[in-house]
Amino acid sequence: MADKEFALNDEVQMKKPHPCGENRWKIIRMGMDIRIKCLGCGHSVMLPRREFTKKLKKVY
């Protein structure tokens with residue numbers, strides 16, 4: 001995958017949708033770990049940066 005540029009408060013699409021059915025997420029914290037929040041149900045998930053970049057599909 002080519003390196004995608006992303007920043008705080010960007011909306012992103014992951015390869016797999018959230019169980020609530022939504023596929024859009026908002027980046028709410030960046031560092032060694034990245035916390036993303038589901039725009040459907042509001043659930044937040046923290047992923048290591050390496051795992052996040054691997055699962056990232058698209059930046060809006």
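**Why it is called that: core, strands, pocket and cysteines**

Colleague: Which eleven residues make up the largest nonpolar core?

Modeller: Phe6, Val12, Met14, Trp25, Ile27, Ile34, Ile36, Cys38, Leu47, Phe52 and Leu56 make up that core. Bear in mind that this is a predicted model.

Colleague: What makes this set a nonpolar core?

Modeller: A core member must be buried, of a listed nonpolar type, and joined to the set through side-chain atoms within 4.5 Å. The eleven residues form the largest such set.

Colleague: Which elements give two or more residues to this core?

Modeller: Strand 1 (11-14), strand 2 and strand 3 do. Strand 3 gives the largest share, with three residues.

Colleague: How do you know that Trp25 is buried?

Modeller: Its relative accessibility is 5%. Buried means under 20%. Trp25 is therefore buried. It lies in strand 2. Its C-alpha is 7.7 Å from that of Met14, eleven residues away in sequence. Both Trp25 and Met14 are core residues.

Colleague: Which side chains of strand 3 point to one face and are buried, and which point to the other?

Modeller: In strand 3 (residues 33-38), Ile34, Ile36 and Cys38 share one face and are buried. Asp33, Arg35 and Lys37 point to the other face and are not buried. In a regular strand the side chains alternate between the two faces of the sheet.

Colleague: Why is strand 2 said to pair with strand 3?

Modeller: Pairing needs at least two bridges. Strand 2 (residues 24-29) and strand 3 are joined by four, so they pair. The two run antiparallel. Ile27 stands opposite Ile36. A hairpin of three residues links the strands.

Colleague: How do you know that strand 3 and strand 4 pair?

Modeller: Five bridges link strand 3 to strand 4 (residues 44-48). At least two are needed, so the strands count as paired. Their sense is antiparallel. Ile34 has Leu47 as its bridge partner, and Ile36 stands opposite Val45. This hairpin has five residues between the strands. Gly42, in the turn, has a positive phi of about 90°.

Colleague: What makes the phi of Asn9 worth a remark?

Modeller: Asn9 has a positive phi of about 70° although it is not a glycine. Most residues other than glycine have a negative phi. Asn9 sits in the segment before strand 1.

Colleague: Why is Asn9 called partly exposed?

Modeller: Its relative accessible area is 49%. Exposed means over 50% and buried means under 20%, with partly exposed in between. At 49%, Asn9 is therefore partly exposed.

Colleague: How many disulfides does the structure hold?

Modeller: Zero. Cys20 is in no disulfide; the nearest cysteine sulfur, that of Cys38, is 3.6 Å away. A disulfide needs the sulfur atoms within 2.5 Å. At 3.6 Å, the pair of Cys20 and Cys38 therefore does not count as one.

Colleague: What relative accessibility makes Cys38 count as buried?

Modeller: Cys38 has a relative accessibility of 2%. The limit is under 20%, so Cys38 is buried. Cys20 is partly exposed, at 42%.

Colleague: Which residues line the largest pocket?

Modeller: The lining is Met14, Lys15, Lys16, Pro17, His18, Trp25, Ile36, Val45, Leu47 and Lys55. The volume is about 200 Å³.

Colleague: How many lining residues fall in each class?

Modeller: Six are nonpolar, one is polar and three are charged. Lys counts as charged, so Lys15, Lys16 and Lys55 belong to that class. Met14, Trp25 and Ile36 are among the residues of this lining, and they also belong to the nonpolar core.

Colleague: Where is Lys55 found?

Modeller: Lys55 is in helix 1 (residues 49-55). Lys55 and Lys15 are 40 residues apart in sequence, but their C-alpha atoms are 5.7 Å apart.

Colleague: Why does Lys55 count as partly exposed?

Modeller: Its relative accessibility is 37%. Partly exposed lies between the 20% and 50% limits, so the term applies to Lys55.

Colleague: What makes Arg29 partly exposed?

Modeller: Arg29 has a relative accessible area of 41%. Buried means under 20% and exposed over 50%, so Arg29 is partly exposed. Arg29 is placed in strand 2. Arg29 and Leu56 are 27 residues apart in sequence and 15 Å apart in space, C-alpha to C-alpha.

Key. Residues numbered from 1 in each chain as written. Predicted model: local features only at pLDDT ≥ 70, side-chain atom pairs only at ≥ 80, totals over all residues. Heavy atoms only, no water. 1 Å grid on protein atoms, 1.4 Å probe; cavity = no way out; pocket = protein on both sides within 12 Å on 5 of 7 lines; lining within 4 Å. Points joined across faces, edges and corners; volume = space filled by probe spheres on them. Buried < 20%, exposed > 50% of the residue type's maximum accessible area, 1.4 Å probe, protein only.
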